[in-house]
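Me: Could you take a close look at one part of this model with me? I would like to follow the strands and see how the two chains meet.

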Amino acid sequence: MAEQVDARDLKSLPDFQGAGSIPASGSLILNILMKLLSYNLMVLLTLICVAPLNNILADSKTQTSAKISAERFLKFLETGDTLNLQAVFSDSFLEAFPIQNLAEERENALQDWGDLKRIENLKFTSENEALAQISIGEKELELYFEFDENGKINDLELVEQSKEDLKPKVTWEELGKDTLLVFKIDELEQLRNAFQKDKGKVRLVSLLSPT
Amino acid sequence: MLRSDSKIASVLGSLEFTDARLSYFWDEAKLTGQAWGKILNLNKPAWDVYFVYGPKASWKKSPPKPNFWMHQLSGCEDKALFLDLEGLEVEVKKLLSTVKN
């Protein structure tokens, strides 16, 4: 049977180090304090762990919704089925680009480029961005998704090459590449630079609505 | 200019016609329409317009007035010709003939 040791006897134990100056009653208080402290530490650690866990769960929920949204959109690309498609887009996206227009753009693209051959590799590149590779006719394209905080599609971009090349701050040399498609104008200076670079040539500028 | 305009629409539109000499820009803030609307005294943003510039045209503080332009806008009939592709081509060729090779 194991020998019972009273805390008050600790002082008398020969191998107990460092307790020489603690009276027996102090040792008890220390014990209780240590227990309280460890309990508080435990609560604190639990709180610290729970807080990021909440964030992770929220992120994961958003990404799950985003994945569902993207997959639903890809299904639309594949089949043309617009049923429940509205639910996968944010309000601001739908305001700018109603489902009807999206369906028309799809039809036009298929008519102009050929059949949709392949959709693959839906891949998240950040918490709220993903991309998928699609192949239409002879064109190999990348479809970029941007999602809002509810995992709904907030923006779409269809490009023939890496998005890195479509950054708005570009040099004229980069503008000259025929592989680049569309540059976003943040300030007129960018267009001015392009215009001035071709001074000495005849230039045609047209301002058009893309739709 | 239309509610349906978007970045993706501009990308899709740009794929219809590609050329090494051609650059497409997506102007979400309508900066170009406002700038050209002002210099052409349109009292509204310019869009659905086609400007031809000769080799000497230079953009200093604001876009220069075009040598020639056509439009498909209502309310601009007195300011320029309605778009006619053959007419536009003639004007472009006239300017091209002034450029030394």
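In the hairpin of β3(A) and β4(A), how many residues lie between the strands, and which residue takes a positive phi?

Reply: Happy to. In that hairpin 5 residues lie between the strands, and A:G151 is the one with a positive phi, near 80°. A few conventions before we go on. This is a predicted model, in which local features need pLDDT of at least 70, side-chain atom pairs count only at pLDDT 80 or more, and totals for chains, interfaces and linings use all residues. Residues are numbered from 1 along each chain as its sequence is written, while chains are lettered from A and ligands numbered from 1 in the order in which they are written. Helices (H or I, at least four residues) and strands (E, at least two) are DSSP runs, numbered from the N terminus, and two strands pair if DSSP finds at least two bridges between them.

Back to the hairpin: β3(A) and strand β4 (residues 153–159) of chain A run antiparallel, joined by 6 bridges. One pair to look at is A:E146, whose bridge partner in β4(A) is A:D155. On its other pairing, β3 (residues 139–147) of chain A is joined by 8 bridges to β2 (residues 129–136) of chain A, again antiparallel. There A:I136 has A:K139 as its bridge partner. β2(A) and β3(A) also form a hairpin, with 2 residues between them, and A:G137 in the turn has a positive phi of about 55°.

These strands belong to a chain with 5 helices and 6 strands, in the order α-α-α-β-β-β-β-α-β-α-β from the N terminus. Of its 211 residues, 18% count as buried (20 or more other C-beta atoms within 10 Å of a residue's own, with C-beta atoms placed from the backbone).

Now to where the chains meet. The contact takes 39 residues from chain A and 47 residues from chain B; two residues are in contact if their C-beta atoms, placed from the backbone, lie within 7 Å. On the chain A side, β4 is one of the elements that each supply at least two residues, along with α3 (99–113), β5 (182–184), α5 (188–197) and β6. The largest share, 6 residues, comes from α5(A).

β6(A) goes further and pairs with β2(B) in the antiparallel sense over 5 bridges, with B:Y50 as the bridge partner of A:S206. The result is an open sheet of 4 strands in the order β6(A)-β2(B)-β3(B)-β4(B), with mixed pairing. Its edge strands are β6 (203–207) of chain A and β4 (81–82) of chain B, each pairing on one side only. Within it, β2 (residues 49–53) and β3 (residues 68–71) of chain B pair antiparallel over 4 bridges, and B:V49 stands opposite B:H71.

Finally, confidence, given as pLDDT, the predictor's confidence in each residue, from 0 to 100. Chain A averages 71, and 60% of the residues score at least 70. In chain A, β6(A) has the highest value, 89, whereas helix α4 (residues 172–175) has the lowest, a mean of 42. Over residues 1–22 of chain A the pLDDT is below 50, and this stretch has 14 contacts beyond near neighbours in sequence. Residues 162–181 of chain A are also below 50, with 28 such contacts in the model. Where pLDDT is low, the predicted coordinates should not be read in detail.

Conventions
Buried ≥ 20, exposed ≤ 12 C-beta atoms within 10 Å, placed from the backbone.
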